[in-house]
Amino acid sequence: MEGIFYTLTETELKCSGQKLRKLPTATDHEGLNVGQIKYMDLSYNKISTLDGLESFTSLETLILDCNRIGDDVEFPCCKSLTTISLNKNQISDLDRLLGNLKRYTPRLRFLSLLGNCACPHQLMGLDYDDNDYHRYRCYVIYCLPSLKFLDSTPVTRAEREEANLRGKYFKTVKPLSLKTQAKPIRQDRKDFVPLPPAKLNIALHKGIYGACRYRYTGKNSEGNRFIRNHDL
């Protein structure tokens, strides 16, 4: 690619802050043998697709911090990958990502998702606290039991034991959008009325005031224990 500067060795490829929109290929740089690259750092670009990643058959470390990786991006089969860093991208669907990684990156040991909506860290805002992040870690470790490092912290034995015991219960369920929760009522429907037909007839209408068959004594209410029956 013209105007793109790479730092290339036999097994390493670095290209940060170059406004890349896709992964480099063998035709983009003379001397690039994608099958031999083990370490690739493409941070601070505009990458939004992982097309071509399967060509890096020896890749062990992939760093894509500060890009545009979203929920629609899927990892291809990468059996050699052990380290993936996706800090500060656009990932919000944790389940989708974890399912993809579990299926296609069987050797994954190091994963970092800080700065994504899927990672409820306190750095993301005041809406998150330590409990939110703890549940997130427990669930990720449950889904990817082979992890040794998650974000910037090693996975402890206590975390692994808790993940085995309770991890599946820490799954975050997103509420349905308002559009799927209920269909709006059509205003042109003539058969829809807010009250039963009898209530719309003034002659048949019955108010709520007057004699009533039931009387509340308040004997089971802690707040009304000093109120006598004749006061009600």
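**Overall fold.** I counted the secondary structure of the protein chain first and got four helices and eight strands. The model is a predicted one. Reading from the N terminus, I noted the order β-β-β-β-β-α-β-α-β-β-α-α.

**Whole-chain totals.** I looked up burial next: the protein chain has 232 residues, and 33% of them count as buried. Its accessible surface comes to about 16200 Å², with 52% belonging to carbon and sulfur atoms. Among contacts in the protein chain with a separation of 6 or more, I found that 45% are between residues 24 or more positions apart.

**Helix 2 against helix 3.** I took helix 2 as residues 130–143 and helix 3 as residues 157–166; the two pack at an angle of about 75°, and their axes are 8 Å apart. Because angles of 65 to 115 degrees count as roughly perpendicular, I entered helix 2 as roughly perpendicular to helix 3. From helix 2, the residues that meet helix 3 are His134, Arg137, Cys138, Ile141 and Tyr142. Helix 3 contributes Glu159, Arg160, Glu162 and Ala163. I sorted the residues of this contact by class and got four nonpolar, four charged and one polar.

**Leu86.** Is Leu86 buried or exposed? I found a relative accessible area of 1% for Leu86, so I entered this residue as buried. Leu86 sits in the loop between strand 5 (83–85) and helix 1 (94–104). Leaving out residues up to four places away in sequence, I listed what Leu86 touches: Leu64, Asp65, Phe75, Ile91, Leu97, Ser112, Leu113, Leu114 and Asn116. For Leu64, which is 22 residues from Leu86 along the chain, I noted a C-alpha separation of 5.2 Å.

Conventions:
Residues are numbered from 1 along each chain as its sequence is written. This is a predicted model: local features need pLDDT of at least 70, side-chain atom pairs count only at pLDDT 80 or more; totals for chains, interfaces and linings use all residues. Side-chain values use heavy atoms; hydrogens and water are left out. Axes are lines fitted to C-alpha atoms, for helices over the stretch in contact, and angles run from 0 to 180 degrees between N-to-C directions. Angles under 35 degrees count as roughly parallel, over 145 as roughly antiparallel, 65 to 115 as roughly perpendicular and the rest as oblique. Contact means heavy atoms within 4.5 Å. Ala, Val, Leu, Ile, Met, Phe, Trp, Tyr, Cys and Pro count as nonpolar, Asp, Glu, Lys and Arg as charged, and the others, Gly among them, as polar. Buried means under 20% relative accessible area, exposed over 50%, partly exposed in between (1.4 Å probe, protein chains only). Accessible areas come from the Shrake-Rupley method with a 1.4 Å probe; for residues, only the protein chains shown count as cover.
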